[in-house]
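Good morning, everyone, and thank you for giving me a few minutes. I would like us to look at one structure together, slowly, going from the whole chain to single residues.

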Amino acid sequence: MDDLSVNISIFSGDGSDPPSVPPSMSIDKLLPALLECFGIILCGYVAGRTNIIPSTQAKGLGSFVSKFALPALLFKNMVLLDFGDVIWPFFFSILVAKVSVFFFVCVITLLVANRESRFSKAGLFSIFATQSNDFALGFPIVEALYRNTHPEYLQYIYLVAPVSLMVLNPLGFAFCEVQRWRNGELHQQSKLRVLGLVILQVVKNPIVFMVVIGLISHFVLGQKIPPFMEEFVDGLANSFGGAALFYLGLSMVGQLKKLTRSTVVALILLITAKLLMMPLICRGMVEVLDCGRSLNHTSLSNYAFLYGVFPTAPSVAIYAAQYNMELEVVTSGMVIGTFLSAPIMYVSAWLLTIPWMDSAPLASALQNVSLNISIISLFALVWSVAVMLLSRKFHRVPHIFTINLFVAQLLACVGMIAWTFVAAAQNNFLGQVLTFSLLYASLYSTYIWPGLIAVSLLLMRRGEEVSFRPGLTVITGWGLPVLAVSVLLLSGQRMPDTIDSAFFYGKTQVLCSSMVLFVSIMLCGISLALLSRRTRDYHTLEHGSVSGSEEDERLLYDPNTQSSVEQPSAIGSINTDCQMCECASDREQTMPVVTSPKEEASIHTGQCSQQCSPTSCLLAEEEQKEADRQNTDIQSTRHVLVCLLLTVCLLANLSSCLWWLFNTDPGQLYVELQFFCVVANFGQGLISFAFFGLDKHLIISPFKKRLASLWRRWGQEVTGSVASEEIRLTCRQFLAYHKQQCVRDIVQKKRCGERSTAETFLGSEMVRWLQSVGLAADPGEALAYGSRLLEGRVIQHISLEFGFLDEPLHYRFT
């Protein structure tokens with residue numbers, strides 16, 4: 001184990017194949033197959049986006065694919081299937097892997113989800129993670145890879161797919177029916193009748209029905225379709241491929257618009273289970289159950305990995321719509337998972353077709369990737385730390401821990417950059433040890449901090465901020481990694497002639513990394529699970545502050561995404577919100593002394609007719625206080641998502657360590673996992689930058705304000721004082737038909753000065769009102785509508801400082 005080739009066994013197959021051994025798959029046809037599949041999907045997407053094929057017609061195409069073409073294809077292949085060529089350990093390996101992932105996702109969902117929908121979510125999410133798009137997308141890929149080398153692998157698609165359709169999906173449907181029964185939809189029916197409904201639903205499925213008929217016909221007809229029906233079956237079966245891919249593209253139209261931050265957490269977990277856990281468990285089960293008994297054992301394990309990467313089938317979205325549950329998560333996950341699977345499959349297949357790899361170029365490639373991603377991430381982290389310091393959030397929990405995470409990530413990047421130059425000098429032992437200590441103390445710290453941040457969020461959610469000690473947490477976040485590295489330096493044996501920092505101390509280092517990763521994953525996972533059980537929606541976390549004020553819990557508007565979190569069901573709810581949203585100055589300041597009825601009347605009737613000055617206007621002060629409050633928000637949702645994404649990276653690192661520890665020959669797919677882990681370890685700064693590098697009040701709002709000012713100035717220069725025809729029509733329609741109702745619903749009289757009032761409304765209230773009355777379908781259209789009213793001078797900001805924004809800014813009618 002003195003070199004990278006010994007450490008990770010970068011060979012194909014059994015680790016001893018010479019360069020002359022041909023690959024077990026044909027890569028030259030994979031790229032054309034991927035282009036064919038995703039090209040047809042793109043055609044379907046374009047047809048749906050341009051409304052060439054409306055959604056009603058798309059449903060008809062989906063019915064044809066699922067009820068005629070696919071059943072015919074399954075019937076044909078079940079009749080012709082040759083069971084003599086089947087390697088049953090491989091089949092049972094995929095079966096055990098699917099069942100394992102199904103029950104893992106089911107149990108986690110039952111533990112985390114709220115009681116009102118836990119069973120239906122468990123059923124649908126488990127189906128999502130196990131039902132692959134085997135026929136429309138998987139079969140062309142397998143055919144392109146294995147037709148010339150292992151043509152018998154094609155029939156495994158038809159053997160494995162019914163596992164989901166006939167065994168796992170009915171279990172998921174049963175969970176959904178149990179949820180409907182618990183919610184009272186089927187309370188008049190007995191449990192036995194509900195079970196009968198599930199069984200009937202499965203039997204009525206034409207896919208399941210034709211699989212059973214095909215198996216019976218296989219033995220009755222002697223593996224041969226009668227000539228009189230052969231052409232008919234072939235015609236239907238051959239129509240499946242293109243139609244299914246085209247329908248997949250049609251079904252993707254508009255799905256990502258439904259994605260909200262409340263669904264992102266579930267989406268990340270599901271995609272991780274489908275594209276990371278499933279292929280790893282599939283390959284692991286083949287290694288355990290087959291145990292090298294098959295002649296092509298290595299090829300089967302690689303095939304199992306590729307099979308696990310196949311994305312989720314579109315039929316899962318039909319199940320979600322049928323039960324009216326988590327449709328946004330399922331449809332968005334189907335779209336994202338489909339396009340993420342393409343590069344994973346291509347890179348995996350490309351690595352597997354290389355029969356032999358030299359360790360020196362591979363180690364050099366890993367080092368170059370580490371260096372490049374560290375340099376990029378270093379700039380992103382410097383920016384993120386500067387933003388955190390300038391926004392003055394770092395002194396509040398949990399941002400005090402977040403900036404420690406940023407510093408750890410920054411030091412890890414610095415350590416990797418230094419290691420690149422120090423490792424090249426083989427005789428500089430002291431420099432290598434010092435650089436290694438800096439690198440892995442920082443890297444282990446990045447493993448620990450996500451769990452500590454999740455614990456802090458959990459304690460704050462429980463209202464235990466008083467007993468929470470940030471200083472002790474900071475010591476833990478840095479002390480444990482330093483302790484782990486110290487133990488490693490004292491007990492480990494340095495591997496000579498290696499430039500890979502991951503194997504500098506050999507097996508001892510891998511064991512130490514595994515322990516740190518396991519503790520971090522358990523800490524973060526348990527904390528996030530408990531945090532999820534204590535809140536119905538992650539949106540409420542975003543509005544919680546350290547003080548836990550009533551106003552923070554009441555706000556429905558999310559300033560960090562500039563969108564409305566909750567759509568009002570009635571206009572009355574808007575009025576209630578407005579009445580609660582009184583000016584802070586009214587609550588804080590006492591009324592001036594009134595000496596006469598005339599003076600009292602002047603106080604209540606005086607109107608603020610001029611634009612407000614920020615130095616004297618109480619409403620402008622209220623806006624500033626709201627901006628300051630949002631600027632000190634704990635941003636819990638962002639922290640949750642960062643912890644979740646970093647936990648996924650930790651899972652990949654732990655999988656890499658365990659894969660190497662329990663396999664004497666990890667194989668070439670391990671190389672792919674190593675590259676992913678390198679990017680995950682030293683590219684964490686990009687995740688941090690994405691969530692915290694663009695502060696709203698420090699960067700985004702000033703930029704938007706400047707851009708809006710330039711746009712208005714340019715528009716005035718181009719069009720002069722006359723608004724465009726669209727603006728005139730919008731303003732005329734609003735003034736004639738909607739203004740009076742809008743004034744009644746959202747306009748409130750508020751104090752603008754000590755002796756004057758102004759009839760104003762908030763921009764966020766206007767956005768919700770426009771959607772509630774049907775003038776806008778979503779927040780984007782509402783913003784465009786309000787901007788036209790502003791340009792047409794129907795409304796204006798109280799100080800003429802802002803354009804129309806979906807924020808708690810005060811506007812009034814001119």
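What follows is a short walk through this model, from its overall make-up to a few individual positions.

Please keep in mind from the start that this is a predicted model, and not one that comes from an experiment. The protein has 814 residues, of which 54% count as buried, and it is built from 34 helices and six strands. When we take the contacts between residues at least 6 apart in sequence, 80% of them join residues that are at least 24 apart. On the outside, the protein exposes about 36000 Å², and carbon and sulfur atoms supply 64% of that area.

Let us turn to the interior. The largest nonpolar core holds 164 residues, and the members that touch the most other members are Phe-90, Phe-135, Tyr-156, Ile-157, Phe-240, Tyr-303 and Tyr-444. Helix α18, which covers residues 429–461, gives the most to this core, with 16 residues. Apart from it lies another core, of 25 residues, which includes Ile-746, Val-767, Val-794 and Phe-813.

Which residues does Tyr-444 touch, if we do not count those up to four places away in sequence? The list consists of Pro-481, Ala-484, Val-485, Leu-488, Gln-509, Cys-512, Ser-513 and Val-516.

Since Cys-512 appears in that list, let us ask why Cys-512 forms no bond with the closest cysteine sulfur. A disulfide here needs two cysteine sulfur atoms within 2.5 Å, and the closest cysteine sulfur to that of Cys-512, in Cys-657, is 9.9 Å away, which is too far for a bond. Cys-512 is buried, with a relative accessible area of 13%, and Cys-37 is buried too, at 1%. By the distance rule, the count for the model comes to zero disulfides.

Now to two helices. Tyr-303, which we met among the core residues that touch the most other members, is one of the buried residues of helix α13. Is α13 enclosed or open? Twelve of its 13 residues are buried, so α13 is largely enclosed by the rest of the structure; among them are Leu-300, Phe-305, Leu-306, Tyr-307 and Val-309. As for length, α13 runs over residues 297–309 and should span 18 Å at 1.5 Å a residue, and its end C-alpha atoms are 19 Å apart, which agrees. Helix α27, residues 636–661, can be checked in a similar way: with 26 residues, it reaches 37 Å from its first C-alpha to its last, close to the 38 Å expected. This helix is mostly covered as well, with 21 of its 26 residues buried.

Next come the strands, and I will take β6, residues 810–813, as our centre. In a regular strand the side chains alternate between the two faces of the sheet. In β6, His-810 and Arg-812 lie on one side and Tyr-811 and Phe-813 on the other, and all of these are buried, so that both faces are covered. Phe-813 is also one of the members of the 25-residue core.

How many bridges join β5 to β6? There are three, and β5, residues 795–797, runs antiparallel to β6. Strand β4, residues 756–762, also pairs with β6 in the antiparallel sense, over two bridges. Tyr-811 in β6 has His-797 as a bridge partner, and Phe-761 stands opposite Tyr-811, while Leu-762 stands opposite His-810. Strand β4 is mostly covered, with six of its seven residues buried.

Finally, I would like to point out some positions in loops. Gln-223 has a positive phi of about 60 degrees although it is not a glycine, and it sits in the loop between α9 and α10. Gln-223 is partly exposed, with a relative accessible area of 36%. Arg-793, which is not a glycine either, has a positive phi of about 65 degrees, and it is found in the loop between α34 and β5. Arg-793 is exposed, at 59% relative accessible area.

The last residue is Pro-54, in the loop between α2 and α3, which counts as partly exposed at 24% relative accessibility. Where does the chain bring Pro-54 and Leu-250? They are 196 residues apart in sequence, and their C-alpha atoms are 9.0 Å apart in space.

Key: Residues are numbered from 1 along each chain as its sequence is written. This is a predicted model: local features need pLDDT of at least 70, side-chain atom pairs count only at pLDDT 80 or more; totals for chains, interfaces and linings use all residues. Side-chain values use heavy atoms; hydrogens and water are left out. Buried means under 20% relative accessible area, exposed over 50%, partly exposed in between (1.4 Å probe, protein chains only). Helices (H or I, at least four residues) and strands (E, at least two) are DSSP runs, numbered from the N terminus. Two strands pair if DSSP finds at least two bridges between them. A nonpolar core is a set of buried Ala, Val, Leu, Ile, Met, Phe, Trp, Tyr and Cys residues joined through side-chain atoms within 4.5 Å. Contact means heavy atoms within 4.5 Å. The expected span of a helix is 1.5 Å times one less than its number of residues. Accessible areas come from the Shrake-Rupley method with a 1.4 Å probe; for residues, only the protein chains shown count as cover.
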